[in-house]
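Thanks for sharing this one. Here are my notes, as numbered points, to read alongside the coordinates.

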Amino acid sequence: MSANPPGRRATQLAVEAAVTVAVAIVLFPFVYIMLTSLKPPNLVAEPDVWWFAPSFANWTDVLLDSDVPFNILNSLIVSTTTVAIALLVGCPAAYSFSRFKSGGPARFVILSAAMIPPAILILPMFLVFYRLGLIDTRTGVVITHLTLVTPVVTWFLVGFFDEVPKELEEQAMIDGWTQFQAFLRVIVPTVRPGIAGAGVFGFVLSWNDLFYALILTGGESRTLPVAIAGFWTFRGIDMGKMAVAILLAILPILVASFFIQKHLIRSLGGGAVKT
Amino acid sequence: MAGASLKNLRKSFGALEILKGIDLTIEPRQFTVLLGPSGCGKSTTLRILAGLESQTSGEIRIGDRDVSTLEPRQRDVAMVFQNYALYPSMTIAENMGFGLKARGIPKKEIRAAVEKAARMLEITELLDRKPRQLSGGQQQRVAIGRAIVRDPNLFLFDEPLSNLDAKLRVEMRTELLRLHRDLGATTVYVTHDQEEAMTMADRIVVMNAGTIEQTGSPEEVYFRPVSLMVAGFVGSPAMNFVRGRAVPGGVDTPVGRFEAPGYGGDGTDVVVGVRPDDLELPDALEPGERGFESAFHVEFVEMLGARGIVTLRHGDTRFKGVFEERHLSRFEEGAAITLCVSRHRLHVFDAASGRRLP
């Protein structure tokens, strides 16, 4: 390694400055929402106030005196169930696309299933769910979310399965296992980082969905995004409480991405299955 | 230890015929090498033997069982792949014991078997690591160890050494031979490296374009190749060839006359083959023993250490010769030199069919 010439040092400084600016731009909305959530009720309507004595009134109102905790529970149940089912279906599907080339070009168009505008799907779904008594149930929301999450999860996983050498499964079959056992015991653990990544991806999609949940849930099964939208009432926007709910919505995603980012980066870098 | 046999084995991918009727008997305890250029069908043959690929027609027996339609797991074979195929999510010990686990063998016994194989291969200290923490050579040992632990009917190797560097490859070659001697395991080994085949095999099966060209001991394949293909493929540097016409008492070629009686002398087109090692300086051979003698131009000399490869030219024909270092001083680049070949070391092939003439 040669010593850094001055030119390179200047370039590095410029890059660091640019990154700092970018990070500031990205983080600004979060900081602003954080500040808003701490504003006392009389200042909430004033967006350009930056200095004030923080108040936790919004937090206590939302956490102790509203439906939001219940909405969070709904969201957690819906998103977790959606992701679990999507992975259960998506893993074998992706593996089959990758290994057996089944479905031919389907592996390339599978995402189009997720691209159909929800507005087209929602009317027939609403009518069918109405007949089945699934309106305002978590099951109904899960089903609609699966139309979106399953294709994305499957598409995401195909690439990971593509990277697993065929010999791994052949070796397992020679070692005395059936092809399905080889898939479960050798292939699935090998693409674990990909599965974690796909899971977080799918979780975020489901967790953030407003459209389906807004139309299908009224009371019992309300999810968090619907609750957030609910702070926009005919009397105006309750900015303080909305800010608290938004922060609560961001939190689990932040935590999840933190735990899997190591896996995700490693797997996207292709190091996951190199032996 | 069981043997194995293939009877009239055929394999087609669509219209493409990969194997055109392979008949082969693999003797128990022998080290059989399938040798051939890429695309000759040797790996396909091995994969069919393992059950990873299904044959289009033909019968496969391992031991006294017909395994033609059995799944890989039912055939009781172990295989070492070129890329080792270690399970990345498992430790080395788990990798090695995975085959025994499939058979429902108690954990304690698996551990004992794994440790025994690990001692044999000197990889005991690696047992708790993951594959990605190992070097290529260590991974190779683990892959071999995993095969040994299984104690299978048949060991299958698919170019296992080709991902290693040259030095390690020679080491592993010796190691594999030692293991083979110790275990006496029936082994089928696929390679395109003729040197590997020559050094390791009890029996070499030379394959070409989906058929078996020749089956025999390394000596037979080297000293009595049955066809031009085998003659050209086995041996390094490759055999020198020159086309000629069979005349009474010998063969007339552009580089001179080869005295090889008994080929009919009826004017048929033949190809004469001379191994680079068989080109001799005149003082090494009695005049009565010489089957060929001619003058060559020395084009250049490649020193390899104890030996050197000399590129020679006569007219438009180029020959390569291998000579010991102490003789190399007699080859001066640009100068002429007379060389000869023993009459017992000539190979004559029919030019049309490529088959050896008796």
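1. Of the 275 residues in chain A, 38% are buried. Please keep in mind while reading that this is a predicted model.

2. The overall dimensions of chain A deserve a look. Its radius of gyration is 23 Å, whereas a compact globule of 275 residues would have one near 19 Å. Along the principal axes, the C-alpha atoms of chain A fill a box of roughly 70 × 70 × 30 Å. Among the contacts in chain A with a separation of 6 or more, 75% join residues 24 or more positions apart.

3. On secondary structure, chain A holds twelve helices and two strands. The order along the sequence is α-α-α-α-α-α-α-α-α-α-α-β-β-α, with the two strands set just ahead of the final helix.

4. Now to where the chains meet. How many residues of chain B are in contact with chain A? There are 22, and they touch 18 residues of chain A. On the chain B side, β6 (77-80) and α2 (92-102) each supply at least two residues. By class, this side of chain B has 15 nonpolar, four polar and three charged residues.

5. Strand β6 of chain B also belongs to an open sheet of six strands, in the order β6-β7-β8-β3-β9-β10, with mixed pairing. The edges are taken by β6 and β10 (211-216) of chain B; each has a single partner strand, so one side of each lacks a neighbour in the sheet. On average, neighbouring strands here are turned by 20° against each other, direction ignored.

6. Inside that sheet, β3 (residues 31-35) and β8 (residues 187-191) of chain B are paired in the parallel sense, over five bridges. If you would like a residue pair to check on screen, B:Thr32 has B:Val188 in β8(B) as its bridge partner.

7. Chain B has another open sheet, of five strands in the order β13-β12-β11-β14-β19, and here the pairing is antiparallel. Why is one side of β13 (256-258) and of β19 (347-350) in chain B left without a neighbour in the sheet? Both stand at the edges and each has a single partner strand, so nothing in the sheet flanks the other side. The twist from one strand to the next averages 40°.

8. At the β13 edge, β12 (residues 250-253) of chain B pairs with β13(B) over three bridges, in the antiparallel sense. A useful pair to display is B:Val251 with its bridge partner B:Phe258 in β13(B).

How values were computed. Residues are numbered from 1 along each chain as its sequence is written. Chains are lettered from A and ligands numbered from 1 in the order in which they are written. This is a predicted model: local features need pLDDT of at least 70, side-chain atom pairs count only at pLDDT 80 or more; totals for chains, interfaces and linings use all residues. Two strands pair if DSSP finds at least two bridges between them. Helices (H or I, at least four residues) and strands (E, at least two) are DSSP runs, numbered from the N terminus. Axes are lines fitted to C-alpha atoms, for helices over the stretch in contact, and angles run from 0 to 180 degrees between N-to-C directions. The radius of gyration is taken over C-alpha atoms; the globule rule is 2.2 Å times the number of residues to the power 0.38. A residue is buried if 20 or more other C-beta atoms lie within 10 Å of its own, exposed if 12 or fewer, and partly exposed in between; C-beta atoms are placed from the backbone. Two residues are in contact if their C-beta atoms, placed from the backbone, lie within 7 Å. Ala, Val, Leu, Ile, Met, Phe, Trp, Tyr, Cys and Pro count as nonpolar, Asp, Glu, Lys and Arg as charged, and the others, Gly among them, as polar.
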